[in-house]
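These are my notebook entries on a structure that I looked through feature by feature. The sequence and the structure come before the entries.

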Amino acid sequence: MGSNKSTLQHIPNAEELMEETGFSAAHIQRLYDRFQLLDRDQMGGLRNEDFEAIPELVTNPIKDRIIGAFLSPGKDMVDFPSFVRVLAHFQPTNSKRSKTSSQEQYNSPTRKLQFVFQLYDQDRDGKISKTEMLQVLQEMLRMEETDEQLQSVMEKAFQEADLDQDDAISFDEFKKSLEKLDISEKMSIGFLC
Amino acid sequence: MGRLCILGVRGRTAWCTLLLLLCCSGGDCESETRTPGPTDIQGVKPFHNEPQPQPFPEEEKANMPVFTMDYSRIQVPFEFTLWVLLASFAKIGFHIYHKITIWIPESCLLICIGLIVGGIMHSVKEKPPAVLSSDVFFLYMLPPIVLDSGYFMPTRPFFENVGTVLWYAVVGSLWNSVGIGMSLFAICQIEAFGVQDINLQENLLFASIISAVDPVAALCVFEDISVNEQIYIVIFGEGLFNDAVTVVLYNMFSYVADIPAVESVDVFLGVARFCVVSLGGLLFGVLFGIVAAFTTRFTHNSRQIEPLFVFMYSYLAYLVAELFAISSVLSIITCAITMKYYVEENVSQRSCTTIRHVVKVLASISETLIFFFLGVVTITTEHEWNWAYILFTLLFAFIWRGLGILVLTQIINPFRTIPFSFKDQFGLAYSGLRGAVCFALVFTLPDTINRRKLFVTASIAIIFFTVFIQGISIRPIVEYMNIRRSNNEKYNINMEIHSRTMEHIVSGIEDLCGQWSHYYWKDKFKKFNDRILRRILLRDSRAESSIVSLYKKLELQSAIEMLDTPMGDLSAAPSVVSLHDEMKEASRPKKKFPTADVRNMHNILAKNMYKIRQKTLAYTNKYKLPDESRTREILIRRHSSIRRSLRASSFRDPLSENIPKSQRYYSLQPGSDLESAFALRRRSHGRSLMKVEFLKQDIVMFSYIMGVFCPGAGGSSTRSAIPLSPIKERSPGPAPHRTPTVQQSEDEEGAMPHGWQPEDPQGNTVSRNPLLR
């Protein structure tokens, strides 16, 4: 697809989105097409039913959390800019843009980690509590393991990560426990044009 | 340092003796059979004729020979053993002086030693054993190496990068062969170089031989460098999978070399042949792998022969592929990959270890011998040296590889999640070493090619150049260019959990974007695997998620570590010191403590450790096995420290202040606290006998571990780290020898209350524990 700016005029705020997220025009166009496809009743936003209609997503154990990550608190519809902003987290980190400082870019490792953190932290209090982690483990592994096993696993994870012993993992502790993992490698998607 | 010198001297004298022996016995030397007979004893010289016959000739007595020698009978195995020994001594010798191996890869050193030995043999006019004849090489020496590569291949990164790997292997080899062949042909046209009689087909044939990157040589070099996973897996995979291409190209060009003209039909047939070769190899491999996995399902009653199946089936895969002239390397690799996953779950822990060790040993021997003989044969073959041709070969090999990597990477980078940077590309290009496969192939060139000797010399030159120059220089270059290195740190539970979460997230997002993702195939395969394959091929097909396996393994380690640190019962000070010393000595081989106690406990623990399958580290060191030995080492070290302390002084005051604050009881449920656990332990100390104390410690450890492994049994919620009551009443003896197989332990889970029992005030255990019976 060409990077013709004129083709993007029907997409509202296309240029700001491109600046903000680092997607190219072709990417934005493709994402917009996908957005239109998913938005079955053409209301200009995606709702839960639209997400549930994706067959592969339904089988994902943590689909509710992923869907929840798109929805800003208080709203029940995902508009296109929010859609693109969330997806921007998954760009590979070695992008050439360096206009803004790397902390603000959506695809910096810290932002990616924040995304994952928010997935765990459903009540948005800035900390992962034991119940929250146990819930995630149960969602992912319910079929395979017993609850007691998962309890033990969760306890051990907390022992490892919870450095100040307050029974909750803050974002910094979370970040520290994953410092040896190559986040950008794991949390990146090659976006097709 | 003095000790090192002595060892070096002893090593050297051993070498010299061996060398002399070899020279005397190696090759085609005349073997003198000396028949036992009276001539030995009486020493009659045949040249002295008796001038007159004696009137009464003495009857020749046939005395029984006291000492005879019959060399020809044992010649072949004897020489083989000596060669292997010599090469292995060389290998030991290098590691005595550690600094050498940092800068010079082992392959270089082995070739050098081979050169020396070859020089000696040449000067004594001996011929080397015909080891690098193509049959011996391809049928006996190559399979173990390839099996090793396939068995220890890191599957996860491989399958994530399979497209890239195949792209480089197939297209890269083609590119290189054609490019080098064409350029050499162009060079041949120049009269001044005197190689005009080599036609295009022969050039292409030669090019196809030398364009293949050899995995053995390249990975030898990568060992200490630990480049990042992506480069590693691409080089690794490329080296292995370009075999299919090499085979096809070689056959095609050698067939074509006899025909004066090439038709388009031949090209088409070549492509078809490539498909047959590669897909056939994969198919055979998978077939044999599945049959092997199925066989091991039934071997639980004959554990000793379990390792045999792995080797026999993979070798069969190799041979059958050779039979049909399809890619045997692909066949054996696929067989190993398929087989490993299922076999390792079916066989016992011991067999698993045996298999891994034997694979490594065979591969090590093969590789050592190959490089060694490369050196030897270099000296002893006839060479034809042509400066122009050889130099241009080197040049073109280098140029075309670099160009190839550049162009191919540009094409494939958009499809990769993590594109290769220029530094990565340089690393890839520079690590294209050629090795013994190339050498063996060139020996199989038919004699109809009139410039065969030139080709042999040229390929030897290339191998030497790449192995020595590139091999030695790659390490400083990698460090200088700061190519991304891997960080194979220990995985902890958090990383495992969050990795899994991230995989789900990414998979979900990809579904959202409507993109085909490789997680899609991974998921599909996992479902197929769980539903069908595991049921058929595994004896015990319950799945255990990797998170929980890792958790169990870490718990086991921390359980053992917990007992290692001073706890106030047994002597604190020597334990601490000895523990630190032992940790420093981690690389030295461990001593054995063969008492019945230790062995029994070892058995029990090993059988319990059966349930944990070491998650294969994504990046396995070539010369070492995946490190499961740490837990066992800690166990044995613990016993050694116990024994030492018991001998030294039996009764000490409990040094309660030595209990470290950071001690964590992972199974300590909320509600119980650390202090009560320690209080109970301290209280029980004074009443114990010495030997019983020793047993108690280990029973404590057992029970803890049993508690780890059988959680939820009995559904007790009062599970806490309370020690057992002292077992004064028990007669000292080895711990009862439970032999839990997998099924048994599962069955007993429901029946048996788990390891930790709460103590009631009388100090008697409330419920019965089978360990105490």
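**Entry 1: backbone angles in chain A**

Is Arg124(A) buried, exposed or partly exposed? I looked up its relative accessible area, which is 43%, so I recorded Arg124(A) as partly exposed. I note here that the model is a predicted one.

I then placed Arg124(A) in the chain: it belongs to the loop between helix H7 (109-120) and strand E1 (127-129) of chain A. I checked its backbone and found a positive phi of about 55°, although Arg124(A) is not a glycine. I remind myself that most residues other than glycine have a negative phi.

I made a second entry of this kind for Asp167(A), which has a positive phi of about 65° and is not a glycine either. Asp167(A) sits in the loop between helix H9 (147-161) and strand E2 (168-170) of chain A. Its relative accessible area is 47%, so I wrote it down as partly exposed.

**Entry 2: helix H5 of chain B**

I turned to helix H5 (residues 106-123) of chain B, which has 18 residues. From its first C-alpha to its last, H5(B) reaches 26 Å, close to the 26 Å expected at 1.5 Å a residue.

Which residues of H5(B) are buried? I listed several, among them Glu106(B), Leu109(B), Leu110(B), Ile111(B), Val117(B) and Met121(B). Just after H5(B), I found that Lys125(B) takes a positive phi of about 65°.

**Entry 3: cysteines**

How many disulfides does the structure hold? I recorded 0 over all chains. A disulfide is a covalent bond between the sulfur atoms of two cysteines.

I looked at Cys108(B), whose closest cysteine sulfur is that of Cys112(B). The two sulfurs are 6.8 Å apart, which is too far for a bond; the cut-off is 2.5 Å. Cys108(B) is buried, with a relative accessible area of 0%, whereas Cys112(B) is partly exposed, at 31%.

**Entry 4: helix H8 of chain B**

I compared expected and actual span for helix H8 (residues 162-188) of chain B. Its 27 residues should span 39 Å at 1.5 Å a residue, and the end C-alpha atoms are 38 Å apart, which agrees.

Where does H8(B) bend? I located a bend of about 25° at Gly172(B). I also looked up the separation of Gly172(B) and Glu238(B): their C-alpha atoms are 8.8 Å apart, while the two residues are 66 residues apart along the chain. Glu238(B) belongs to helix H11 of chain B and is buried, with a relative accessible area of 4%.

**Entry 5: cavities**

Rolling a probe the size of a water molecule over the atoms shows where empty space is left. I counted 14 cavities of 30 Å³ or more in the structure. The largest cavity has a volume of about 140 Å³.

I then examined the lining of the largest cavity, which consists of 15 residues. Those nearest its centre are Pro215(B), Gly239(B), Asp243(B), Val329(B) and Val437(B). Helix H6 (134-151), helix H10 (215-222) and helix H11 (229-258) of chain B each supply at least two residues of this lining.

Which helix gives the most to the lining of the largest cavity? I noted H11(B), with 5 residues. By type, I recorded the lining as 10 nonpolar, 3 polar and 2 charged residues.

Definitions and conventions. Residues are numbered from 1 along each chain as its sequence is written. Chains are lettered from A and ligands numbered from 1 in the order in which they are written. This is a predicted model: local features need pLDDT of at least 70, side-chain atom pairs count only at pLDDT 80 or more; totals for chains, interfaces and linings use all residues. Side-chain values use heavy atoms; hydrogens and water are left out. Helices (H or I, at least four residues) and strands (E, at least two) are DSSP runs, numbered from the N terminus. Buried means under 20% relative accessible area, exposed over 50%, partly exposed in between (1.4 Å probe, protein chains only). The expected span of a helix is 1.5 Å times one less than its number of residues. The bend at a residue is the angle between axes fitted to the seven residues ending there and the seven starting there. On a 1 Å grid over the protein atoms alone, a cavity is a set of points where a 1.4 Å probe fits but cannot get out, and a pocket is an open set with protein on both sides within 12 Å along at least five of seven lines; lining residues have an atom within 4 Å of a point. Grid points are joined across faces, edges and corners, and a volume is the space filled by probe spheres set on the points. Ala, Val, Leu, Ile, Met, Phe, Trp, Tyr, Cys and Pro count as nonpolar, Asp, Glu, Lys and Arg as charged, and the others, Gly among them, as polar.
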